[in-house]
Amino acid sequence: MVIIADPGDHPEVSGVWNDQEFRLVGPVPAPVASRLMEPMPFTTVGTPPQPLMRLFVRFDGGCLYLGAGRIPMCEVSEGVLVRCHLRISPPLSREVLDRVRPPVTPPPPPVPGWLGDVRANPGRALERFLTAWYPVASTREPTADIPGSLPRALAGFYRLAAQRPAILGSHNRIRLLGDLRPDGSAERLVFGVECQGGWTWSIPCGPGAADTDPTVWFDDGHLVPEQETLSGFLLQFALEEAAIGAPYRTSCHDWLCR
């Protein structure tokens, strides 16, 4: 199989990711997905070897051969192949990498003005951070369907989420507005869930909740209060999810940071 991509550097476009990785970004057509995924790697003894891909990058004068590609990981959603990572063998030299992913001078990073509001006004800090980090993805009316009984911090979070649904999380999750439910005691409103459903976060529910910045309770079978009240907790949640869900991240492998 031959795979050809354009040169460049964009997290949502197929191409060279780094000197050792080539990524296909889907959805991938079913015939191609079948070729990539059958047989899957690391299956039972005696299965045929993985298909070998030949990787190229397209230029005006032709195509540059990168090397062979093998699949260490595929990501499937609702039966559709949406992302596929291929290991480039051998790894690309710096000269070739700079050609297929031309280096650019990044613009000066914006001064994070929201930092000045973290202690004095965490709700405003949260809004300033989220509106700068996440683009508007929906034209839905921000104030629709938000109960007046929710604390101001959580109501404000849902107003932002109406047009920026990504802020609800890609790892741990803030529940959708329609999925808010009391816990078994009916004394707390469960609004956050850990990625594997192992624990939850909740706040007291009852009359007057809208005018409070309540304690957040962490529940993994035993209730423990979070150090930050709801406004500070939501800011911490948003910062962690933005880091985990960012298209580019620093990670450590074999004691080497890349």
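**Why the labels fit**

Q: What makes the backbone oxygen of V16 and the side chain of R101 a polar contact?
A: The gap is 3.1 Å from the backbone oxygen of V16 to a polar atom of the R101 side chain. A polar contact is a pair of N or O atoms within 3.5 Å; within protein, one must be able to donate a hydrogen and the other to accept it, and residues adjacent in sequence count only if both atoms are side-chain atoms. So 3.1 Å fits within the 3.5 Å limit. The R101 side chain also makes a polar contact with the side chain of D9, again at 3.1 Å.

Q: What kind of model is this?
A: It's a predicted model, where local features need pLDDT of at least 70, side-chain atom pairs count only at pLDDT 80 or more, and totals for chains, interfaces and linings use all residues. Residues are numbered from 1 along each chain as its sequence is written, and side-chain values use heavy atoms, with hydrogens and water left out.

Q: Why is R101 called buried?
A: Its relative accessible area is 15%. Buried means under 20%, exposed means over 50%, and partly exposed is in between (1.4 Å probe, protein chains only). At 15%, R101 is under the 20% cut-off, so buried is the right word. You'll find R101 in the loop between helix 2 and helix 3.

Q: What makes A186 exposed?
A: A186 has a relative accessible area of 52%, and that is over 50%, so it counts as exposed. A186 lies in the loop between strand 8 (181-182) and strand 9 (188-193). Phi of A186 is near 65 degrees, a positive value in a residue other than glycine.

Q: Why is C195 called partly exposed?
A: At 36% relative accessibility, C195 falls between 20% and 50%, so it gets the in-between label. C63 gets that label too, because its relative accessible area is 43%. C195 sits in the loop between strand 9 and strand 10.

Q: How do you know that C195 touches other residues?
A: Contact means heavy atoms within 4.5 Å. By that rule C195 touches H171 and N172, not counting residues up to four places away in sequence. C195 and S170 are 25 residues apart in sequence and 8.4 Å apart in space, C-alpha to C-alpha.

Q: How many disulfides does a search of the whole structure find?
A: Zero. A disulfide is a covalent bond between the sulfur atoms of two cysteines. For the search, the two sulfur atoms have to be within 2.5 Å. C74 and C84 do meet as bridge partners, with C84 in strand 6.

Q: What makes strand 3 largely enclosed by the rest of the structure?
A: Five of the five residues of strand 3 (residues 21-25) are buried, so the strand is largely enclosed. In a regular strand the side chains alternate between the two faces of the sheet. Here both faces are covered: E21, R23 and V25 are buried on one side, F22 and L24 on the other.

Q: How do you know that strand 2 and strand 3 pair?
A: Two strands pair if DSSP finds at least two bridges between them. Strand 2 (residues 15-18) and strand 3 run antiparallel and are joined by three bridges, so they pass the cut-off of two. G15 has R23 of strand 3 as its bridge partner, and a hairpin joins the two strands through two residues. Strand 3 also runs antiparallel to strand 6, with five bridges; there R23 stands opposite H85. Strand 5 (residues 62-77) pairs with strand 6 in the antiparallel sense over eight bridges.

Q: What makes the reach of helix 4 close to the expected one?
A: The expected span of a helix is 1.5 Å times one less than its number of residues. Helix 4 (residues 152-163) has twelve residues and reaches 18 Å from first C-alpha to last, close to the expected 16 Å. Its buried residues include L154, F157 and Y158. Among the elements covering the buried residues are helix 3 (122-133) and helix 5 (230-245).

Q: How many helices and strands does the chain have?
A: Five helices and 14 strands. These are DSSP runs numbered from the N terminus: helices are H or I with at least four residues, strands are E with at least two. Buried residues make up 34% of the chain's 258 residues.
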